[in-house]
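The following note concerns the empty space in the model and one helix packing. Please read the points alongside the coordinates.

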Amino acid sequence: MTSTSRFPVSIEFFPPKTPEGVEKLRIVRHQLYALKPEFCSVTFGAGGSTQEGTFSTVRDILSEGVNAASHFSCIGATRERVRGQLATLKAMGVKRLVALRGDLPSGYGTGGEFHYASDLVAFIRAEMSDDFHIEVAAYPEIHPQARSPESDLKAFAVKVEAGANSAITQYFYNSDAYFRFVEDADALGVQIPVVPGIMPIASSSQLMRFSDACGAEIPRWIRLRLQGFGDDTASIKAFGLDVVTDLCEQLRAGGAPGLHFYSMNQSAAALEICQRLGLVA
Ligand code: FAD
């Protein structure tokens, strides 16, 4: 299955932990295939903690005739292990990777032969030439561990110089941050497509928790409106759909090259947003 939509959409899943989760995700995927995604990606637990689940979900997607991207994090890994995992992914027919540093869970230590995602990108290019299209992460609102906004942008440029083909951003709700990031990258000579990552809003507490951890800012007006809804999940979802559809419209109108949905293994919000955007065939 390949994309025919004029505006490219991709979708991210995480590997389920139970047989029920695997079955549920199969149903969700088939619902989301109505969007004719360019590709579906599957996250990869840092330290290789979800390798089996990631690879088997990627296999399932490929067997359904859809392009699959495997996320791949390098923190804590050795070159030998990464070499073996890349060979496995290539043999599976994977053509696209999301190359990441990752965050080691506390207690894992800091060992390993890769320090930054740029080391991984350079290693993939050196070992596998152009066998993979390489995506990297971008942070319009600055990565939480960055020394400064300038050094974070430079780190992004280094990943591109190392061989990244395109990027997917951390999610955000302020389109100015995205457009400024793209402009600043362009001024540094970085011109790869930077696709905004879109996080639908389904639950107020979950969103606050994730956003604290990954450094995504929830604008005050959104936070206060969400708090005002209390436990009224129907109102939270309705508000979230309006806010995120508006954001996607601004991004598309401003020249974003596509949308990457963090599905959280759910289909309803991404489908509804794309329906409103006229992206469902
Ligand atoms: P890097 O690009 O290496 O940057 C990490 C930090 O180091 C930044 O602060 C950067 O400014 C700094 N830095 C980089 N290079 C240098 C340098 N040379 N000198 C000094 N500082 C430097 N995590 C997972 O575990 N699994 C996933 O599947 C996953 N998928 C993701 C998908 C997307 C689209 C995004 C946006 C994030 C994803 N993450 C995932 C989270 C990601 O692993 C974390 O945000 C992690 O902290 C950084 O990874 P990175 O690849 O962006 O790292």
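1. In this predicted model, the count of cavities of 30 Å³ or more comes to one. The largest cavity holds about 40 Å³ of space. Its lining consists of Y139, P140, E141, I142, Q170, Y171, C214, G215 and A216. By class, the lining of the largest cavity has six nonpolar, two polar and one charged residue.

2. The largest pocket encloses about 1,800 Å³. A total of 49 residues line the largest pocket, and those nearest its centre are L100, G102, D103, Y139 and Q170. Y139 and Q170 also belong to the lining of the largest cavity.

3. Elements that each contribute at least two residues to the lining of the largest pocket include strands β1 (9-13), β3 (68-73) and β4 (96-100), together with helix α4 (117-128). The greatest contribution to this lining comes from α5, with six residues. The lining of the largest pocket divides into 27 nonpolar, 15 polar and seven charged residues.

4. For the second largest pocket, the volume is about 380 Å³. It is lined by 19 residues, with P200, I201, A202, Q266 and A269 closest to its centre. Two or more lining residues come from each of α7, α9 and α10 (268-276). This lining comprises 13 nonpolar, five polar and one charged residue.

5. Helices α6 (residues 175-187) and α9 (residues 233-253) have axes that come within 10 Å and cross at roughly 25°, which means that α6 is roughly parallel to α9. The crossing is right-handed. S175, Y178 and F179 of α6 meet L247, Q250 and L251 of α9 in the contact. Of these contact residues, four are nonpolar, two polar and none charged.

How values were computed:
Residues numbered from 1 in each chain as written. Predicted model: local features only at pLDDT ≥ 70, side-chain atom pairs only at ≥ 80, totals over all residues. Heavy atoms only, no water. Axes fitted to C-alpha atoms, helices over the stretch in contact; angles between N-to-C directions. Helix = DSSP H or I, 4+ residues; strand = E, 2+ residues; numbered from the N terminus. Parallel < 35°, antiparallel > 145°, perpendicular 65-115°, else oblique. Left-handed = near helix turned anticlockwise from the far one by under 90°. Contact = heavy atoms within 4.5 Å. Nonpolar A, V, L, I, M, F, W, Y, C, P; charged D, E, K, R; others polar. 1 Å grid on protein atoms, 1.4 Å probe; cavity = no way out; pocket = protein on both sides within 12 Å on 5 of 7 lines; lining within 4 Å. Points joined across faces, edges and corners; volume = space filled by probe spheres on them.
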